[in-house]
Amino acid sequence: MNNFIINFCLLFTTITLLFLPFRNRPRITPKTNLNIRLVLGGIAGLISVLLMFNSIQIDVARIDLRIVPVVIAMMFGGLPSALVTGAMIIATRFALTPVEQIDAAILSSIVIGLFILTIAIIRRYIRMTFWNFELMIGIGILYSLPAIYLLTNSWTTFIEISLAYIFFNLIAGFVTYHLLTELRRHFENIQYQQKLAMTDALTGLANRRRLDDSLSLVGSAEDGYSLVLIDIDFFKHVNDTYGHDAGDDVLRQLGTTLASLARPDDLVGRYGGEEFLIILPDTSAAEARKISELARTTVARNLFPTTAVPDLQITISLGIAHSSSSHSSLEALQQADKALYHSKGSGRNRSTIYTRQLELEQA
């Protein structure tokens with residue numbers, strides 16, 4: 001009984017600790033990247049191994065809660081995860097078994113193999129629910145009981161151990177499922193809060209904080225990186241004439257437009273007020289100019305309807321800076337701002353690439 005309680009506590013402690021690395025990742029399913037599922041199988045296998053080192057030795061039988069991590073691996077990661085877990089269990093079983101009791105290790109390995117094969121077939125047709133989780137635990141118990149009987153010397157011992165084995169595995173399955181559910185809910189809440197902290201509430205784009213963080217981390221690959229700072233022309237006039245609700249509509253629609261033009265690795269965000277910033281990794285100044293012109297012409301030819309005026313048109317001015325002319329991301333941002341200032345001072349609705357000559361002219 002004491003060993004089962006130790007197994008019980010060890011199971012939940014290791015699940016809580018070893019699943020923490022997944023807190024910032026999406027929910028793992030049998031369709032998740034194979035490498036992630038193999039890691040999951042390794043973690044479940046490690047939990048099983050720890051349980052086996054605290055197993056109950058009855059005659060030549062070793063009793064513990066190892067089937068629970070196998071079910072975890074199968075339910076979340078599918079067959080590849082379960083195979084990794086099973087391989088670790090079998091290897092540990094042989095390592096812990098004296099030579100004179102090798103038959104017990106062989107029988108245990110056969111049971112684990114049949115268990116994994118059976119639940120792999122079942123997993124193809126069931127969803128991740130509590131009752132299905134307990135169903136797999138029950139299958140593991142059914143496979144284990146005949147092996148326990150063969151490895152014990154008396155019916156009395158078999159019945160006593162079997163009752164405790166069934167009770168603790170079913171309870172472990174119940175608590176484990178709800179623990180994993182609560183962990184996932186907690187992890188998703190953390191992810192949601194992190195997203196809120198990095199997202200502009202109005203446009204849904206990256207906010208100033210995320211942009212600043214990305215600027216501090218942006219690399220300097222062969223082509224360097226470029227920054228495009230964007231400002232809406234005469235935006236104060238939109239707010240003053242049609243109201244701030246109309247201005248908010250324009251900001252939302254412009255954010256959507258810019259995001260639709262961005263490449264997968266680009267980061268588009270609202271830098272403040274009516275200013276937007278696009279971070280372009282591995283992008284030359286010439287490429288950034290093409291992207292800027294595409295954004296400028298797309299905005300100029302589209303309507304930005306609001307409740308106050310259905311045919312509102314706007315234009316934007318853009319400033320471009322490239323890492324080749326700066327020593328830091330902050331300096332690159334300042335250069336983009338100077339280029340934007342030049343665009344607005346030159347008639348608006350245009351994009352300008354920062355050059356040293358431009359700065360001398362402004363001085």
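Which side chains meet in a salt bridge at 2.8 Å, N to O, with E293 as one of the two? The partner is R296. Before going on, I should say that this is a predicted model.

R296 and E293 both sit in helix α10, and because they are three residues apart there, about one helical turn separates them. The two ends of the bridge are covered unequally. R296 has 16% relative accessibility, so R296 counts as buried. E293, with a relative accessible area of 23%, is partly exposed.

Salt bridges that share partners also join D231, D233 and K344 into one network.

Now helix α10 as a whole. The helix runs over residues 285-301, and at 1.5 Å a residue these 17 residues should span 24 Å. The end C-alpha atoms are 24 Å apart, so the expected span and the model agree. The buried residues of α10 are A288, I291, S292, A295, R296, T298 and V299. These residues cover an arc of only 165° around the axis, which means they are on the same side of α10. On the other side, K290 and R301 are exposed.

What covers that buried side of α10? The cover includes strands β3 (226-232), β5 (275-280), β6 (316-322) and β7 (351-353), together with helix α9 (244-261).

Just before α10 there is a backbone point to look at. D282, in the loop between β5 and α10, has a phi near 50°, a positive value in a residue other than glycine. Most residues other than glycine have a negative phi. D282 has 46% relative accessibility, so D282 counts as partly exposed. A second case is N349, which is not a glycine and has a positive phi of about 50°. N349 is in the loop between α11 (329-345) and β7. At 27% relative accessibility, N349 is partly exposed too.

Back to salt bridges. The count for the model is 11. I will show two others. The side chains of D200 and R270 meet at 3.4 Å, N to O. D200 is in the loop between α6 (155-197) and α7 (208-217), while R270 is in strand β4 (residues 267-272), so this pair ties together parts that are 70 residues apart in sequence. Both partners are covered: D200 is buried, with a relative accessible area of 13%, and R270 is buried, with a relative accessible area of 17%. The other bridge is R66 with D64, where the closest N and O atoms are 2.8 Å apart. R66 and D64 are both buried.

The last part is helix α4, residues 102-123. At 1.5 Å a residue, the 22 residues of α4 should span 32 Å, and the end C-alpha atoms are 31 Å apart, which agrees. Its buried residues include A104, A105, S108, S109, V111, I112, F115 and I116. Further along, T118, I119, A120 and R123 are buried as well. The buried residues of α4 pack against α3 (67-96) and α5 (130-151).

And which residues form the nonpolar patch on the surface? They are F94, I102, I106, I110 and L114, with about 380 Å² of accessible area together. Helix α4 supplies the largest share of the patch, four residues. Take I110, which has its place in α4: at 46% relative accessibility, I110 counts as partly exposed. So α4 has residues in a surface patch as well as buried residues that pack against α3 and α5.

Terms used
Residues numbered from 1 in each chain as written. Predicted model: local features only at pLDDT ≥ 70, side-chain atom pairs only at ≥ 80, totals over all residues. Heavy atoms only, no water. Patch = residues over 30% accessible without salt bridge, like charges linked within 9 Å, V, L, I, M, F, W, Y side chains within 5 Å. Areas by Shrake-Rupley, 256 points an atom, 1.4 Å probe, with all protein chains shown as cover. Salt bridge = Lys/Arg side-chain N within 4 Å of Asp/Glu carboxyl O. Helix = DSSP H or I, 4+ residues; strand = E, 2+ residues; numbered from the N terminus. Buried < 20%, exposed > 50% of the residue type's maximum accessible area, 1.4 Å probe, protein only. Expected span 1.5 Å × (residues − 1). Arc of directions from axis to C-beta. Contact = heavy atoms within 4.5 Å.
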